[in-house]
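Grab a coffee and work through these short exercises with the model open beside you. Try each task before you read its solution.

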Amino acid sequence: MSDFNVRTANLAAVNSLTKYPSIPTYHSLDPRNGGLLDETVAFSGRVQLTEKVDGVNGRIVSLPDGSYLIGSREELLYARGDLIGNPALGIVEALRPIADRLPPGGRDAIVVHYLEVYGGKVTAASKHYTDTRAVGARLFDVVVLDDYAELLDWPAERISSWRESAGQPFLAEPELLARAEAAGLPTVPRLATVDAAELPTDLEKTHRLLGELLPATTVALDGTPGRAEGVVLRSETRSTIAKARFQDYERTLKRRRTGRAQPSPGSSSATSSTCWVIGKSS
């Protein structure tokens, strides 16, 4: 039986433990100009490609005492039973009904559901998903912390380093989909599954394939589907993850084509590329 109590817990530590980590671009970004470099994230085995939705990161943190917290990427915004929640970006309003109906974890653990909240007035890209300011939420990851008690005793710097060094035990693809189905949660769309060896490394091919895969968003809430943001690549075990955004490729290709691309140190090449090869999954 857990002795965890949300009222006495170190919420700063809970917040840090459950933040979503930074996700690298498939091709590294040049810190000098935001262009893409040649280096890519290395994948092995099968790679799942999903749509990257242009919204805000929200999380539902289900706690061992039966309570829950709702947070943005950086801050906790609401605790179960609060009379007033932080209205930032409409995250609490969108996620509270979901949090209320999530089935109990059934074990002594902290379980975090990560969802992209989009539409409404969430970001400037909301117009691509809705004409009526409708708001949606799509599950994209789940982490289960069985050893939370030990982790909560760590100093803040160690927790941050652990999180940003892929320490969080995310569910693998089959478990993630099973949990989503059990909870009745829509996930970010699965677009394709490919072998890592098929992922191209040519910038223009990558951009072309992104366009073939996502001529428009697949998660429009109403109206005519608009522009998609890009794709997220992840290994089936979720041990490796990266993102590829249309705007990064377009910016880099434009620089290259106009001769304004800046070469990286020790290289005569101006920019790099990010790539996907796609075989539609059934």
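**Exercise 1: Helix 1**

Helix 1, residues 11-18, is mostly covered, with six of its eight residues buried. Keep in mind that you're looking at a predicted model.

Task: find out which residues of helix 1 are buried, and what caps the N-terminal end of the helix.

Solution.
- Step 1. Go along the helix using the cut-off for buried, under 20% relative accessible area. The residues that pass in helix 1 are A13, V14, N15, S16, L17 and T18.
- Step 2. Now look at the N-terminal end of helix 1, where N10 acts as the cap. A side-chain oxygen of N10 lies 3.2 Å from the backbone nitrogen of A12.

**Exercise 2: R238 and its partner**

Task: work out which residue R238 meets in a salt bridge, and what parts the pair ties together.

Solution.
- Step 1. Check R238 for a carboxyl oxygen within 4 Å of a side-chain nitrogen. D141 fits: the two side chains meet in a salt bridge at 3.0 Å, N to O.
- Step 2. Place both ends. R238 sits in the loop between strand 10 (230-235) and strand 11 (241-245), while D141 belongs to strand 8 (residues 135-145), so the bridge ties together parts that are 97 residues apart in sequence.
- Step 3. Buried or exposed? Both R238 and D141 are buried.

**Exercise 3: E250 and R227**

Task: describe the salt bridge between E250 and R227, then say how covered each residue is.

Solution.
- Step 1. The closest N and O atoms of E250 and R227 are 2.8 Å apart.
- Step 2. E250 comes from helix 7 (residues 246-257) and R227 from the loop between helix 6 (203-213) and strand 10, so this pair ties together parts that are 23 residues apart in sequence.
- Step 3. Both count as partly exposed: E250 has 30% relative accessibility, and R227 has a relative accessible area of 38%.

**Exercise 4: One more pair, and a network**

Task: find the partner of D248 in a salt bridge, and name the residues that shared partners join into one network.

Solution.
- Step 1. D248 pairs with R245, with 2.8 Å between the closest N and O atoms. D248 and R245 are both buried.
- Step 2. Elsewhere, salt bridges with shared partners join D141, R234 and R238 into one network.
- Step 3. For the whole structure, the search turns up 11 salt bridges.

**Exercise 5: Confidence**

Task: state the mean pLDDT, then find where it is below 50.

Solution.
- Step 1. The mean is 89, and 91% of the residues reach 70 or more.
- Step 2. The pLDDT is below 50 over residues 267-282. Beyond near neighbours in sequence, this stretch has 84 contacts in the model.

Definitions and conventions:
Residues numbered from 1 in each chain as written. Predicted model: local features only at pLDDT ≥ 70, side-chain atom pairs only at ≥ 80, totals over all residues. Heavy atoms only, no water. Helix = DSSP H or I, 4+ residues; strand = E, 2+ residues; numbered from the N terminus. Buried < 20%, exposed > 50% of the residue type's maximum accessible area, 1.4 Å probe, protein only. pLDDT = per-residue confidence, 0-100. Contact = heavy atoms within 4.5 Å. Polar contact = N/O pair within 3.5 Å; in protein donor to acceptor, adjacent residues only side chain to side chain.
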